[in-house]
Every structure is written in structure tokens, then in C-alpha cells.
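Colleague: Please take a close look at one part of this model for me. I would like to understand the charged pairs, and what lies around them.

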Amino acid sequence: MNDTTRRPDHYPFVLGLVTGTFVGAGLATWLAPRVSEKYRQASTRVAEVVDDLTEQGQDVRDDIAGRSPGGARGGTWRARS
């Protein structure tokens, strides 16, 4: 009972692996400039929003400091920690 079964060849798998590698590298090279440009645009937009929020926060802080007893620097008012 020495029945040997033929094992399938691994060539289709290796060929698919190599083909997928080249297709993936080609797509990455083709799409990379578009992705980096979108990242740059998103980064600029986020920076603008952060600047606007910072400015609004500073305005609120200055408004509160102007109303507090003694002003922003010399009063007895202290922020909670």
C-alpha cells in the first residue's frame, strides 16, 4: 500500500505572488502623487482650522481676563488646576 499522490505544483501560487507584487508596486507609484497632494491640502486645512480655534480661544481668554478682578496679571483670580 504504497500509494503516492501527486502534490500540486506551486508555480501558480508563485506566479500570482510575483504578479501581485508588481501590480501593487505599479499602483502605489501611480497613486502616490495624488495621495500626497490630498494630504498636503488636508494638512493646510487642518492648520487653518487650528489657527482659527486658537484665535477664538485667545479672544475668550482676553475677554475673561478683562472682566476678572485685578485684570489678567495682578488679581486674586486663579484658574483651577
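Modeller: A helix here is a DSSP run of H or I covering at least four residues, and helices are numbered from the N terminus. With that in hand, note that the model is a predicted one. Its protein chain has two helices and zero strands. Helix α1 spans residues 11-67.

Take the pair E37 and R40 to begin with. Both residues belong to helix α1, and they sit three residues apart, which is about one turn of the helix. Their side chains meet in a salt bridge, with 3.4 Å from N to O. The cut-off matters for this step: a side-chain nitrogen of Lys or Arg must be within 4 Å of a carboxyl oxygen of Asp or Glu, so a pair at that distance counts. In general, side chains of opposite charge can pair when their charged atoms come close. E37 counts as partly exposed because its relative accessibility is 34%. R40 is also partly exposed, with a relative accessible area of 48%. For both labels, the range runs between the buried limit, under 20%, and the exposed limit, over 50%.

The spacing turns up again at R45 and E48. These two residues lie in helix α1 as well, three residues apart, or about one turn of the helix. The closest N and O atoms of their salt bridge are 3.7 Å apart. At 40% relative accessibility, E48 is partly exposed.

The structure holds three salt bridges. One of them joins D62 to R61, where the closest N and O atoms are 3.1 Å apart. D62 has 44% relative accessibility and therefore counts as partly exposed.

A charge can also sit over a ring. The charged end of R34 lies over the ring of W30, 4.7 Å from the ring's centre. As for rings pairing with rings, the count is zero aromatic pairs.

Away from the charges, there is a nonpolar patch on the surface, formed by F13, V14, L17, V18 and F22. Together these residues have about 540 Å² of accessible area. V18, one of the patch residues, lies in helix α1. V18 counts as partly exposed because its relative accessibility is 40%.

The totals for the protein chain give the setting. Of its 81 residues, 2% are buried. The accessible surface of the protein chain comes to about 8000 Å², and 59% of that belongs to carbon and sulfur atoms.

How values were computed:
Residues numbered from 1 in each chain as written. Predicted model: local features only at pLDDT ≥ 70, side-chain atom pairs only at ≥ 80, totals over all residues. Heavy atoms only, no water. Patch = residues over 30% accessible without salt bridge, like charges linked within 9 Å, V, L, I, M, F, W, Y side chains within 5 Å. Areas by Shrake-Rupley, 256 points an atom, 1.4 Å probe, with all protein chains shown as cover. Buried < 20%, exposed > 50% of the residue type's maximum accessible area, 1.4 Å probe, protein only. Phe/Tyr/Trp six-rings, centres within 6.5 Å; stacked < 30°, edge-to-face > 60°. Lys NZ or Arg CZ within 6 Å of the ring centre and 35° of its normal.
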